[in-house]
Amino acid sequence: MFTKKSYKRAKHVKSMFKFLKEKISSWAKKFSKEEAKKPEPREEIREKSEKQQKKIEVTEKKEGFFERIKSKISKTEISEQDFNKYSEDLQNLLLENNVAYTAVEKIIWELKRHVLGKELIKKEIESEIKNTLRDTIEEMMMNPFDIVVKVAEKQANSKDPFVILFVGINGTGKTTTIAKIAEYLKGKKLQSVIAAADTFRAASIEQLKKHGEKLNIKIISQQYGSDPAAVGFDAISYAKKNHIPVVLIDTAGRMHTAKNLMKEIEKISNVCKPDLKLFIGESITGNDSVEQAKSFNEAVGIDGIILTKVDVDEKGGTAVSVSYVTRRPILFLGTGQNYQDLEPFDKRKFTEKLGL
Ligand code: GDP
């Protein structure tokens, strides 16, 4: 772990959506099969306005006899009753796979809007459902921005370093991710300095120092129990003096509900005036992560999200919901325990993994 020699190329997130992918697919299949089994509606009970009727007559005149038969037997309209019956299944499987309730509601609503009351070709119901789900999930996530571009923008206008404040709960991979970001920036020719501003947990200072040694990154720290805002301030002064373009500030992460913690982060934020505040959360904990992101966003206002441990998450629902719930983009995915296991987030690539 964490030796330079063990650097690997960031691996693809193979296990993600292991369950969701198969289940959505079989759900959509089942839905479309049930619809296909239904008898055709008789012409006379179809309620059409006069105008619509005329339109149908015109198009029917153009079609040959076989086309007319074919089109009659292959079209259907999904009723609200049927939709509700099937959407319950979908709702449950999304919830089981860590999609937050509000995100589930949005997905079902969009699906309903797209398939209900429309004359659909039976053969295409499955693809219509899948396309709608894919497009909805993609639209629900915010577009990520590029940190490197943001740093360059600041450099063009100021001599001050670009400051990134990292917030999140202990154990989610915050320290590791900060080290990964430092390494990522190094790869982009941007040196950084790390402020060990989690002065509450002595182990976190030691942990960062170990990362710093391995990566040859300067760690600014004070004693255990000292003022975190002062550590951040020191790191910024060090960066200014040594012309280091980026400062990465670690913060404590006792509990997202603890008022003191939020106050402490607010203080660091007021003193260090970060250019970005990034939330780090685990992909595997589902609603917990989403709730943490919400709390930090409400308390200190986050700009972006990094989701860790995506490599061991077989559900994927956290990523689908966290951006929608906070209206903030996911910037990176943590995909392993090595420094290079960090993937810039790509909405399209991500939704493709759903296989819809
Ligand atoms: P912190 O307490 O939030 O600073 O968490 P750490 O950085 O100490 O990480 C906690 C554990 O999660 C460590 O064992 C890390 O190696 C592991 N970890 C961090 N990021 C990832 C990741 O993306 N994937 C996996 N599988 N493990 C990770």
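In this predicted model, Pro245 occupies the loop that lies between helix α10 (228-241) and strand β6 (246-250). Pro245 has 19 C-beta neighbours inside 10 Å and therefore counts as partly exposed, since a residue is called buried if 20 or more other C-beta atoms lie within 10 Å of its own. Although Pro245 and Lys189 are 56 residues apart along the chain, their C-alpha atoms are separated by 9.9 Å. Lys189 is itself a loop residue, found between α8 and β4, and with 8 C-beta neighbours inside 10 Å it counts as exposed. The backbone of Lys189 shows a positive phi of about 65 degrees, although Lys189 is not a glycine.

A positive phi is also found at Asn216, where the value is near 60 degrees in a residue other than glycine. Asn216 belongs to the loop between α9 (202-215) and β5 (218-220), and it is exposed, with 11 other C-beta atoms within 10 Å.

Helix α10, which precedes the loop of Pro245, has 14 residues that should span 20 Å at 1.5 Å a residue, and this agrees with its end C-alpha atoms, which are 20 Å apart. The buried residues of α10 are Pro228, Ala229, Val231, Gly232, Ala235, Ile236 and Ala239. Seen down the axis of α10, these buried residues fall within an arc of 160 degrees, so they line one face of the helix.

On the other side of the loop of Pro245 in the sequence stands β6, in which 5 of the 5 residues are buried, so that the strand is largely enclosed by the rest of the structure. Val246, Leu248 and Asp250 point one way from β6, while Val247 and Ile249 point the other way, and all of these residues are buried. Strand β6 runs parallel to strand β3 (residues 162-167), to which it is joined by 4 bridges, and it also runs parallel to strand β4 (residues 192-196), to which it is joined by 5 bridges. Ile249 illustrates both pairings, for Leu165 stands opposite Ile249, and Ala195 likewise stands opposite Ile249.

A comparable description applies to strand β8 (residues 304-308), where 5 of the 5 residues are buried, so that this strand too is largely enclosed by the rest of the structure. Both faces of β8 are covered, with Gly304, Ile306 and Thr308 buried on one side and Ile305 and Leu307 buried on the other. Strand β7 (residues 276-282) runs parallel to β8 and is joined to it by 5 bridges, with Ile280 standing opposite Ile306. Strand β9 (residues 330-334) is also parallel to β8, and 3 bridges join these two strands; in β9, the bridge partner of Ile306 is Phe332.

The connections between these strands pass through helices. Strand β7, helix α12 (residues 287-300) and β8 make a right-handed β-α-β unit, and β8, helix α13 (residues 317-326) and β9 make a right-handed β-α-β unit as well. Val300 lies in helix α12 and is partly exposed, with 19 other C-beta atoms within 10 Å. Val300 and Lys267 are 33 residues apart in sequence, whereas their C-alpha atoms are 9.8 Å apart in space.

Helix α6 (residues 125-140) was examined in the manner of α10. Its 16 residues should span 22 Å at 1.5 Å a residue, and the end C-alpha atoms of α6 are 22 Å apart, which agrees. Ile125, Ile129, Leu133, Thr136 and Ile137 are buried in α6. These residues cover an arc of only 95 degrees around the axis, which puts them on the same side of α6.

The model also contains a ligand, and of the 17 residues around it, Gly173, Lys174, Thr175, Thr176 and Gly334 come nearest. The residues of this shell divide into 1 nonpolar, 12 polar and 4 charged. Helix α8 (residues 174-187) gives the most to the shell, contributing 3 residues.

Definitions and conventions. Residues numbered from 1 in each chain as written. Predicted model: local features only at pLDDT ≥ 70, side-chain atom pairs only at ≥ 80, totals over all residues. Near = placed C-beta within 6 Å. Nonpolar A, V, L, I, M, F, W, Y, C, P; charged D, E, K, R; others polar. Buried ≥ 20, exposed ≤ 12 C-beta atoms within 10 Å, placed from the backbone. Pairing = 2+ DSSP bridges. Right-handed = clockwise from strand over helix to strand, strands pointing away. Expected span 1.5 Å × (residues − 1). Arc of directions from axis to C-beta.
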